[in-house]
Amino acid sequence: MAAALFSPSAVLSTAAVASAPLPSKPHLVRLRSDHPKPLSTALAAAATAALLLSTTTPPPSFADPTFSLYYGTAASAANYGGYGGNADKKATAEYTYEVPEGWKERLVSKVEKGTNGTDSEFYNPKKRSEREYLTFLSGFRALAPVDAVLSNLALSDVDLQDQIATADEVRSQERKDDNGQLYYAYEIDGTGAHSLISVTCARNKLYAHFVTAPNLNWSRDQDMLRRLHDSFKTVDLSTTSSSSSPSS
């Protein structure tokens, strides 16, 4: 075997091999043939690890903005735009929801507030049709059946009517918060837009929070939009009273 291993460099006779056995050389040959394997394996593993780190570690995402909490007062149209203008909104808030950093607030007109109850609205300036807004109606002590509530909301919202009429699917569910307050949640998968709606009753008012976006934006931003939807809640009267204090 030793003759076969070293025959490429010189032709050795059988006598030479027999008289001068070189036990160390086969040992050296084994080292030369075995040692590169773990070295190359280690190099390959290191390269693979570096590749995995570069491909699996996500870059910072501009689609994960910071959020601020909006405090809405749901003031009537008669008191809108003047009454209590210097009051602390947080102290008089009736509901809250999150707004992504960079979104703009649209000024709601007094006429719009009086006709369809829109109280607040924010939109993405880069995609104006991606927005969230809240409407409220007075004189409601409790929620009607879940299907009836959505139909009544659509009566004063033409865009919502069209979206429901052409929707591929409309889903609804009921949930209760930690205080036992009932909320209806709707998801409308329309042909051109996707909407999430949360509805509840408190303070003898019905509050409806809308999050809507074109389907293209929905598929890209739905995690953020669902967060906005889940963030809506009314403010507990007892919490407001206990947390408010005279300004210094």
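**View 1. Asn 204 sits in the loop between β8 and β9.** This is a close-up from a predicted model. At 44% relative accessibility, Asn 204 falls in the partly exposed class, since that class lies between the 20% and 50% cut-offs. Its backbone is worth a look: phi of Asn 204 is near 60 degrees, a positive value in a residue other than glycine. As background, most residues other than glycine have a negative phi.

**View 2. The whole chain, before we zoom back in.** The protein chain has ten helices and ten strands. It runs to 248 residues, and buried ones make up 32% of them. How do the contacts spread along the sequence? Taking contacts between residues at least 6 apart in sequence, 57% join residues at least 24 apart.

**View 3. Ala 74 is another non-glycine residue with a positive phi, here about 50 degrees.** You'll find Ala 74 in the loop between β1 (67-72) and α5 (89-92). Is Ala 74 buried or exposed? Its relative accessible area is 2%, so Ala 74 is buried.

**View 4. Helices α7 and α8 meet at an angle.** Two packed helices are described by the angle between their axes and the distance between the axes. Here the axes of α7 and helix α8 (residues 158-165) come within 6 Å and cross at roughly 130 degrees. That crossing makes α7 and α8 oblique to each other, because it lies between the 115 degrees that ends the perpendicular range and the 145 degrees above which helices count as roughly antiparallel. Which residues make the contact? From α7 come Leu 150, Leu 153, Ala 154 and Leu 155, and from α8 come Leu 160, Gln 161 and Ile 164. Sorted by type, the residues of this contact are six nonpolar, one polar and no charged.

**View 5. Helix α7 has a buried side and another side with exposed residues.** Val 146, Val 149, Leu 150, Leu 153 and Ala 154 of α7 are buried. Why do they count as being on the same side of α7? Because they cover an arc of only 135 degrees around the axis. Look to the other side of α7 and you meet Asp 147 and Leu 155, both exposed. The buried residues of α7 pack against α8 and against four strands: β6 (169-176), β7 (182-189), β8 (193-202) and β9 (205-214).

**View 6. Pro 145 lies in the loop between β5 (127-138) and α7 (146-155).** With a relative accessible area of 58%, Pro 145 is exposed, as it passes the 50% cut-off. In sequence, Pro 145 and Tyr 184 are 39 residues apart, while in space their C-alpha atoms are 9.5 Å apart.

**View 7. The largest nonpolar core has 20 residues.** Nonpolar side chains tend to be buried together in soluble globular proteins. Which residues of this core touch the most other members? They are Tyr 95, Tyr 97, Trp 103, Leu 134, Tyr 207, Leu 225 and Phe 232. The elements β2 (95-100), β5, β8, β9 and α9 each supply at least two residues of this core. Helix α9 gives the most, with four residues. There is also a second, separate core of 17 residues, and Val 149, Leu 153, Ala 154 and Ile 197 are among its members.

**View 8. Tyr 97 and the residues around it.** Leaving out residues up to four places away in sequence, Tyr 97 touches residues that include Ser 68, Leu 69 and Tyr 70. Also touched by Tyr 97 are Ser 120, Glu 121 and Phe 122, along with Glu 132 and Leu 134. His 209, Ser 231 and Phe 232 complete the list for Tyr 97.

**View 9. Three residues of helix α9: Asp 221, Gln 222 and His 229.** His 229 belongs to helix α9 (residues 215-231). At a relative accessible area of 10%, His 229 is buried. Setting aside neighbours within four places in sequence, His 229 is in contact with Ala 185, Leu 196, Ile 197, Ser 198, His 209 and Val 211. Asp 221 also counts as buried, because its relative accessibility is 9%, under the 20% cut-off. Beyond residues up to four places away in sequence, Asp 221 touches Lys 127 and Glu 130. Gln 222, on the other hand, is partly exposed at 27% relative accessibility. From Gln 222 to Thr 212 is ten residues in sequence and 9.9 Å in space, C-alpha to C-alpha.

Technical notes
Residues are numbered from 1 along each chain as its sequence is written. This is a predicted model: local features need pLDDT of at least 70, side-chain atom pairs count only at pLDDT 80 or more; totals for chains, interfaces and linings use all residues. Side-chain values use heavy atoms; hydrogens and water are left out. Buried means under 20% relative accessible area, exposed over 50%, partly exposed in between (1.4 Å probe, protein chains only). Contact means heavy atoms within 4.5 Å. Axes are lines fitted to C-alpha atoms, for helices over the stretch in contact, and angles run from 0 to 180 degrees between N-to-C directions. Angles under 35 degrees count as roughly parallel, over 145 as roughly antiparallel, 65 to 115 as roughly perpendicular and the rest as oblique. Ala, Val, Leu, Ile, Met, Phe, Trp, Tyr, Cys and Pro count as nonpolar, Asp, Glu, Lys and Arg as charged, and the others, Gly among them, as polar. The arc is that of the directions from the helix axis to the C-beta atoms. A nonpolar core is a set of buried Ala, Val, Leu, Ile, Met, Phe, Trp, Tyr and Cys residues joined through side-chain atoms within 4.5 Å.
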